[in-house]
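Subject: the model I promised

Hi,

Here is the structure we talked about, ready for you to open. Have a look at it first, and then read my notes underneath.

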Amino acid sequence: NQFCEAGIGYDEVGCGISSSSTKLLIKGGTVVNAHHQEIADVYVKDGIIVAVKPNLTVGDDVKVIDATGKFVMPGGIDPHTHLAMEALNTESVDDFFSGQAAALAGGTTMHIDFVIPVNGSLIAGLEAYEKKAKKSCMDYGFHMVITKFDDIVSRDMEIMVKEKGINSFKFFLAYKGVLMVNDELLLEGLKRCKSLGALAMVHAENGDAVFEGQKRMIQLGITGPEGHALSRPPLLEGEATARAIRLAGFVNTPLYVVHVMSIDAMEEIAKARKSGQRVIGEPVVSGLALDDSGLWDSDFTTASKYVMSPPIRASGHGKALQDALSNGVLQLVGTDHCVFNSTQKASGIDDFRKIPNGVNGIEERMHLVWDLMVESGQISVTDYVRVTSTECARIFNIYPRKGAIIAGSDADIIILNPKSTFEINARSHHSRTDTNVYEGRRGKVTFSL
Ligand SMILES: NC(=O)NCCC(=O)O
Ligand SMILES: [Zn+2]
Ligand SMILES: [Zn+2]
């Protein structure tokens, strides 16, 4: 996959030491990869891991970081973000600098964002996103969204794969009249992905039925944020997931389902995988950690901060998604980080359809997966590395340069102190948004290199 390296060190955003300009020895920590963990030292030079061995000796010119009692792990890779994304006549407030600063502060050292085409043009869309990304302070990659299909898009998909290093294409089955594609277009797109060896991704909700559900809520006089959840229930996510899986099966090409939020969608993925179909399921941290109760809060600012699509589901879905992550039905965790501040969300005070969709998570993902899954004993530390970093690197073809602590890999490293604790809140987070859906949850102090 395309990925771009930021030209400045992470120290410039106050998140750690720039490993690109320093010789470093990280000493005595538990080095964790997806396949193995051991107590070892990690020697880094010019931003690359040179050696991983116990008891390394180095010269006086090397900065030594004592990692005794800590976990030394590959930096998180977030497969799903929307920085500076335009929606409903506004733009998400975290751009490629503030969103990445937040990511680094939370132990994520790379993310993959979605290029939105300009009037259907992939080339114009990529140009716009390359401009947005100029202010980057860490590595990133791009997926490409497909909103129309014709000979030009077909040709440009090939250019993306062969010249631009973008080999994942996303199809929205929701957001009718804006980004949504119909089955005919999805089929064309799936066939083109297959012929290019690219990976098709779907936002799986039945957009026509969501549109109908929204009208129904407004007719009933339900205009608040709870109407958002009520208008697009899990069965519409299950239907679209099943449809996309079957069409991908019909074309015989792999499918990646983004932000799996419900048991209904997860069970479709489980069934397909059991039958041998290559389907990848990505839960996001909001779906794993939250339930929909916040959407019923009587305070609009509080309730609207939880509005995202597919919606955060009723209690029970999150635990089922956690179980699916631990037993391998779902493979990697994203965030869908797409933040709007409370003033922007207030555009929908009289009509939930006008609330810009999206929640935070780029800074909190690593903490919450640790807290929910490792601290609870549901997954091992090696599995933690797999679901937060390695699996993403493998799926998007950047492993082992990313997602591993082995000689030759990029020195995208985090050091996590399992004995520490801090409180997550909107006052101290690094994102530009003024609210946080994980307010009051706990994290572990993590240092990103
Ligand atoms: N998820 C969300 O609510 N906003 C971002 C766009 C998308 O991924 O659907
Ligand atoms: Zn989506
Ligand atoms: Zn998204």
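Below is what I found, going through helices first, then the ligand and then the backbone oddities. Please keep in mind that this is a predicted model.

**H14 and H11**

I'd start with H14, which runs over residues 381-395. Of its 15 residues, 12 are buried, so the helix is mostly covered, going by the cut-off of 20 or more other C-beta atoms within 10 Å. The buried set is Asp383, Tyr384, Val385, Arg386, Val387, Thr388, Ser389, Thr390, Glu391, Cys392, Ala393 and Ile395. The cover over them includes four strands, namely S2 (24-32), S6 (71-74), S7 (76-81) and S15 (279-281), along with H11 and H13.

H14 also has a kink of about 50°, centred on Val387, and Val387 is itself one of the buried residues. What about the end-to-end span of H14? At 1.5 Å a residue, its 15 residues should span 21 Å, and the end C-alpha atoms are 20 Å apart, which agrees. Just after the helix comes Asn397, with a positive phi of about 65°.

H11 (residues 317-326) is one of the elements on H14, and its own buried residues are His317, Gly318, Leu321, Gln322, Ala324 and Leu325. Looking down the axis of H11, these fall within an arc of 160°, so they line one face of the helix. Covering that set are, among others, helices H8 (263-274), H9 (285-289), H13 (365-374) and H14. After H11 comes Gly328, whose phi is positive, near 90°.

**H7 and its surroundings**

H7 takes in residues 234-251, 18 in number, and reaches 26 Å from first C-alpha to last, close to the 26 Å expected at 1.5 Å a residue. Its buried residues are Pro234, Leu236, Glu237, Gly238, Ala240, Thr241, Ala244, Ile245, Leu247, Ala248 and Val251. They pack against helices H4 (183-196), H5 (207-219) and H8, and against strands S13 (199-203), S14 (255-257) and S15. Just after H7, Asn252 has a positive phi of about 65°.

Two residues from this part of the chain are worth a click. Gln214 is in helix H5 and counts as buried, with 20 C-beta neighbours inside 10 Å. Which residues does Gln214 touch once its neighbours within four places in sequence are left aside? Those contacts are Ser231 and Arg353. Arg232 is 18 residues away from Gln214 in sequence, with 7.7 Å between the C-alpha atoms.

Gly197, by contrast, is exposed, with 10 other C-beta atoms within 10 Å. You'll find Gly197 in the loop between H4 and S13. Measuring C-alpha to C-alpha in the model, Gly197 is 9.4 Å from Pro254, although 57 residues separate the two in sequence.

**Ligand 1**

Around ligand 1 you'll see His82, His203, Met308, Ser309, Asp336, Cys338, Asn357 and Gly358. That shell divides into 2 nonpolar, 5 polar and 1 charged residue. Ser309 turns up again in the next section.

**Backbone oddities**

Most residues other than glycine have a negative phi, and most peptide bonds are trans. Here are the places I'd check against that.

- The bond from Ser309 to Pro310 is cis, with omega near -10°; Pro310 lies in the loop between H10 (300-304) and H11.
- Tyr399 and Pro400 are also joined by a cis peptide bond, with omega about 5°; Pro400 sits in the loop between H14 and strand S16 (413-416).
- Asp46 is not a glycine, yet its phi is positive, about 50°. Its loop connects S3 (37-45) and S4 (48-53), and with 11 C-beta neighbours inside 10 Å, Asp46 counts as exposed.
- His259, likewise not a glycine, has a positive phi of about 30°. Its loop is the one between S14 and H8.

Is His259 buried or exposed? With 22 C-beta neighbours inside 10 Å, His259 counts as buried.

Happy to go over any of this with you.

Cheers

Definitions and conventions. Residues are numbered from 1 along each chain as its sequence is written. Chains are lettered from A and ligands numbered from 1 in the order in which they are written. This is a predicted model: local features need pLDDT of at least 70, side-chain atom pairs count only at pLDDT 80 or more; totals for chains, interfaces and linings use all residues. Helices (H or I, at least four residues) and strands (E, at least two) are DSSP runs, numbered from the N terminus. The arc is that of the directions from the helix axis to the C-beta atoms. Two residues are in contact if their C-beta atoms, placed from the backbone, lie within 7 Å. The expected span of a helix is 1.5 Å times one less than its number of residues. The bend at a residue is the angle between axes fitted to the seven residues ending there and the seven starting there. A residue is near a molecule or strand if its C-beta atom, placed from the backbone, lies within 6 Å of it. Ala, Val, Leu, Ile, Met, Phe, Trp, Tyr, Cys and Pro count as nonpolar, Asp, Glu, Lys and Arg as charged, and the others, Gly among them, as polar.
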